[in-house]
Amino acid sequence: MKETQKYDGFTEEERAAMKERAREVKASARRGSRGAKADTEAEVLAKIAEMPEADRVLAERIHALVKAEAPGLVPKLWYGMPAYARDGKVVCFFQSAQKFKSRYATLGFNDAARLDEGGMWPTAFALTEPTADDEKLIAALIRRAVG
C-alpha cells in the first residue's frame with residue numbers, strides 16, 4: 001500500500017478490544033450456569049489495577065460511585081473495559097484514555113441506561129480530573145441510568 005493511501009479498517013487497539021471481548025464471551029461460556037454467580041468484580045478490579053495511574057485513579061473512583069449509587073449493577077469486563085450490567089446488559093462502562101490512545105478517559109452509557117431526555121441526550125462523558133461537583137453529577141447520572 002502506498003504511503004499516500006489510507007486504510008480505513010480497524011485500528012490495532014480496536015482489534016485488541018474485539019479479541020478481549022471474544023475471551024470474555026468464552027470465559028462466560030466456561031462458567032456455564034454458575035456464570036451469573038461468578039465473581040466478575042475481581043476480574044474488573046484486576047483490569048483496573050493494570051491501568052496507568054491516571055486512568056486507574058479515575059476507574060477506581062467510577063467503580064466506587066457505581067457500587068454506592070447502583071449496587072444492583074453487576075461489574076463485568078466488556079471489550080476489556082470495566083462495565084456494569086443489569087440483567088446481562090451493560091448499562092455503563094469506563095474506557096481508559098490508554099485503551100484507544102485518547103487524550104481523555106470516558107464514562108459511557110449504553111441504551112440499557114435510562115437517561116432518555118427529550119429527543120436527544122448525551123451518552124458519553126470525557127473524564128480528566130473530576131471535581132467534587134463532577135462526581136455529584138456522575139453519581140446522579142448513575143442513579144438515573146438504573147432508575
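# Exercises on a predicted model

Lys-47 is placed in helix H2, which covers residues 40-49. The model is a predicted one.

## Exercise 1: Lys-47

Decide whether Lys-47 is buried, partly exposed or exposed, and list what it touches beyond its sequence neighbours.

Solution.

Step 1. Take the relative accessibility of Lys-47, which is 18%.

Step 2. Compare this value with the cut-off: buried means under 20% relative accessible area. Lys-47 therefore counts as buried.

Step 3. Look for its contacts, leaving out residues up to four places away in sequence. Lys-47 touches Glu-20, Leu-77 and Gly-80.

## Exercise 2: The order of the sheet

Work out the order of the strands in the sheet and find which strands form its edges.

Solution.

Step 1. Start with E1, residues 74-78, and E2, residues 81-86. These two strands run antiparallel and are joined by 5 bridges. One of the pairs sets Lys-76 against Ala-83 in E2.

Step 2. Go on to E3, residues 89-95. E2 and E3 pair in the antiparallel sense over 4 bridges. Ala-85 has Val-90 in E3 as its bridge partner, and Tyr-84 stands opposite Cys-92 in E3.

Step 3. Continue from E3 to E4. Their pairing is antiparallel, over 4 bridges, and Gln-95 stands opposite Thr-106 in E4.

Step 4. Put the strands together. The result is an open sheet of 5 strands in the order E1-E2-E3-E4-E5, with antiparallel pairing. E1 and E5 (124-127) are the edge strands, since each pairs on one side only. On average, neighbouring strands of this sheet are turned by 25 degrees against each other, direction ignored.

## Exercise 3: Helices on the sheet

Find which strands are touched by helices H3 and H4, and give the direction of each helix relative to a strand.

Solution.

Step 1. Take H3, residues 53-69. This helix packs on the sheet and touches E1, E2, E3, E4 (105-109) and E5. The direction of H3 makes about 150 degrees with that of E3.

Step 2. Take H4, residues 132-146. This helix also packs on the sheet, where it touches E2, E3, E4 and E5. The direction of H4 makes about 25 degrees with that of E4.

## Exercise 4: Cover on E1 and E3

How many residues of E1 are buried, and how many of E3?

Solution.

Step 1. In E1, 4 of the 5 residues are buried, and the strand is mostly covered.

Step 2. In E3, 6 of the 7 residues are buried, so this strand is largely enclosed by the rest of the structure.

Step 3. Consider one residue of E3, Gln-95. Gln-95 has a relative accessible area of 17% and is therefore buried.

Step 4. List the contacts of Gln-95, leaving aside neighbours within four places in sequence: Met-81, Phe-100, Ala-105 and Thr-106.

Step 5. Add a C-alpha distance. Gln-95 and Leu-127 are 32 residues apart along the chain, and their C-alpha atoms are separated by 9.6 Å.

## Exercise 5: Positive phi angles

Locate Tyr-79, Asp-87 and Lys-101, each with a positive phi, and state how exposed Tyr-79 and Lys-101 are.

Solution.

Step 1. Tyr-79 lies in the loop between E1 and E2. These strands form a hairpin with 2 residues between them. The phi of Tyr-79 is positive, about 55 degrees, although this residue is not a glycine.

Step 2. Asp-87 belongs to the hairpin of E2 and E3, which has 2 residues between the strands, and takes a positive phi near 55 degrees.

Step 3. Lys-101 lies in the loop between E3 and E4. Its phi is positive, about 55 degrees, and Lys-101 is not a glycine either.

Step 4. Turn to exposure. Tyr-79, at 31% relative accessibility, counts as partly exposed. Lys-101, at 65% relative accessibility, counts as exposed.

## Exercise 6: A nonpolar patch

Which residues make the nonpolar surface patch of about 280 Å², and where is Phe-10 placed?

Solution.

Step 1. The patch is made by Phe-10, Met-18 and Tyr-79.

Step 2. Phe-10 is in the segment before helix H1 (12-31).

Step 3. Tyr-79 is in the loop between E1 and E2.

Conventions. Residues are numbered from 1 along each chain as its sequence is written. This is a predicted model: local features need pLDDT of at least 70, side-chain atom pairs count only at pLDDT 80 or more; totals for chains, interfaces and linings use all residues. Side-chain values use heavy atoms; hydrogens and water are left out. Patches are made of residues with over 30% relative accessible area and no salt bridge: like charges are joined within 9 Å, nonpolar side chains (Val, Leu, Ile, Met, Phe, Trp, Tyr) within 5 Å. Accessible areas come from the Shrake-Rupley method with a 1.4 Å probe; for residues, only the protein chains shown count as cover. A salt bridge is a side-chain nitrogen of Lys or Arg within 4 Å of a carboxyl oxygen of Asp or Glu. Buried means under 20% relative accessible area, exposed over 50%, partly exposed in between (1.4 Å probe, protein chains only). Two strands pair if DSSP finds at least two bridges between them. Axes are lines fitted to C-alpha atoms, for helices over the stretch in contact, and angles run from 0 to 180 degrees between N-to-C directions. Contact means heavy atoms within 4.5 Å.
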